[in-house]
Amino acid sequence: MDLKKIEDGFRLMLEGMGENTQREGLLETPRRVAKMYQELLSGLADPSVEKDLLGTQFTEVYDEMILLKDIPFVSMCEHHFLPFVGKAHVAYIPRERVVGISKLARTVDFYARQPQIQERMTRQIAELIQRELNPKGVAVVLEATHSCMTIRGIKKQGSVMCTTQLLGLFKTSEKTRAEFMATIHSSS
Ligand SMILES: [Zn+2]
């Protein structure tokens, strides 16, 4: 990531807004903004990380649903460059391979930390798990509040966007899907 370019670009934006980029409060702002984007968009830094996200796998005889719910994430809406913030629920039914549960959280983070739209991020998480683990089913639900909707435009405070990607058994078996939906929305 070219921090200098982001700095220069943001300084130009401030100028475009009619600001004095030399006043004390703004002097260091372009540098801070560049650093902030570096952190928020760290998923762009090394795309080769993607294939290692679910790298360490174990063979395990377990064929019930494995679910990690309420994984917090912050992502960046690529249409407005404002954050959307929420939680992810990720489940799969292993065929024979499982991964450490923290790898699922890491996968959510990787895709969150890029310019995104929520629908694509939901699909990317599900497809990676499908590709790497070849499970019997994958389910991913993302629930998020979009700043581009709550602080501007139609200003719908508190509205939550929900996206779902179901593969395999979660798509074909109503019972499996119902179990998943009930579990992610139970409070325990
Ligand atoms: Zn947006």
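These numbered points describe a predicted model of a protein chain with a zinc ion.

1. Domains. The domain assignment divides the protein chain into domain 1, residues 3–40, and domain 2, residues 48–184. Taken over C-alpha atoms, the centres of domain 1 and domain 2 are 33 Å apart.

2. Zinc site. Three protein residues supply donors to the zinc ion: Cys-77 through SG, His-80 through ND1 and Cys-148 through SG. These donor atoms lie 2.1 to 2.3 Å from the zinc ion. Along the sequence, the donor residues follow the spacing C-x2-H-x67-C. Cys-77 belongs to strand E2 (residues 66–77) and Cys-148 to helix H6 (residues 147–150), so this pair links distant parts of the chain, 71 residues apart.

3. Burial of the two cysteines. Are Cys-77 and Cys-148 buried or exposed? A residue counts as buried when its relative accessible area is under 20%. Cys-77 has 7% relative accessibility and is therefore buried. Cys-148 has a relative accessible area of 12%, so Cys-148 is buried too.

4. Largest nonpolar core. This core has 28 residues. Those that touch the most other members are Phe-73, Val-90, Tyr-92, Val-108, Met-121, Ile-125 and Ile-129. Two or more residues come from each of E2, strand E3 (83–93), strand E4 (97–99), helix H4 (101–112), helix H5 (118–133) and strand E6 (137–146). Which element gives the largest share of this core? It is H5, with 6 residues.

5. Met-121 and its contacts. Neighbours within four places in sequence are left aside here. Met-121 is then in contact with Phe-73, Ser-75, Val-108, Tyr-111, Ala-112, Gln-116 and Leu-142. Phe-73 and Val-108 are, like Met-121, among the core residues that touch the most other members.

6. Another core. Apart from the largest nonpolar core lies another one, of 9 residues. Its members include Met-65, Ile-93, Phe-180 and Ile-184.

7. Gly-137. This residue is found in strand E6. With a relative accessibility of 0%, Gly-137 counts as buried, because the limit for that class is under 20%. Which residues is Gly-137 in contact with, leaving aside its neighbours within four places in sequence? They are Ala-91, Tyr-92, Ile-93, Leu-167, Gly-168, Leu-169 and Phe-170. One of these, Tyr-92, belongs to the largest nonpolar core, while Ile-93 is a member of the core of 9 residues. Gly-137 and Thr-176 are 39 residues apart along the chain, and 9.3 Å separates their C-alpha atoms.

Conventions:
Residues are numbered from 1 along each chain as its sequence is written. This is a predicted model: local features need pLDDT of at least 70, side-chain atom pairs count only at pLDDT 80 or more; totals for chains, interfaces and linings use all residues. Side-chain values use heavy atoms; hydrogens and water are left out. Domain bounds come from an automatic or database domain assignment. Donors are N, O and S atoms within 2.8 Å of the metal (3.2 Å for Na, K and Ca); water is not among the atoms, so sites may look incomplete. Helices (H or I, at least four residues) and strands (E, at least two) are DSSP runs, numbered from the N terminus. Buried means under 20% relative accessible area, exposed over 50%, partly exposed in between (1.4 Å probe, protein chains only). A nonpolar core is a set of buried Ala, Val, Leu, Ile, Met, Phe, Trp, Tyr and Cys residues joined through side-chain atoms within 4.5 Å. Contact means heavy atoms within 4.5 Å.
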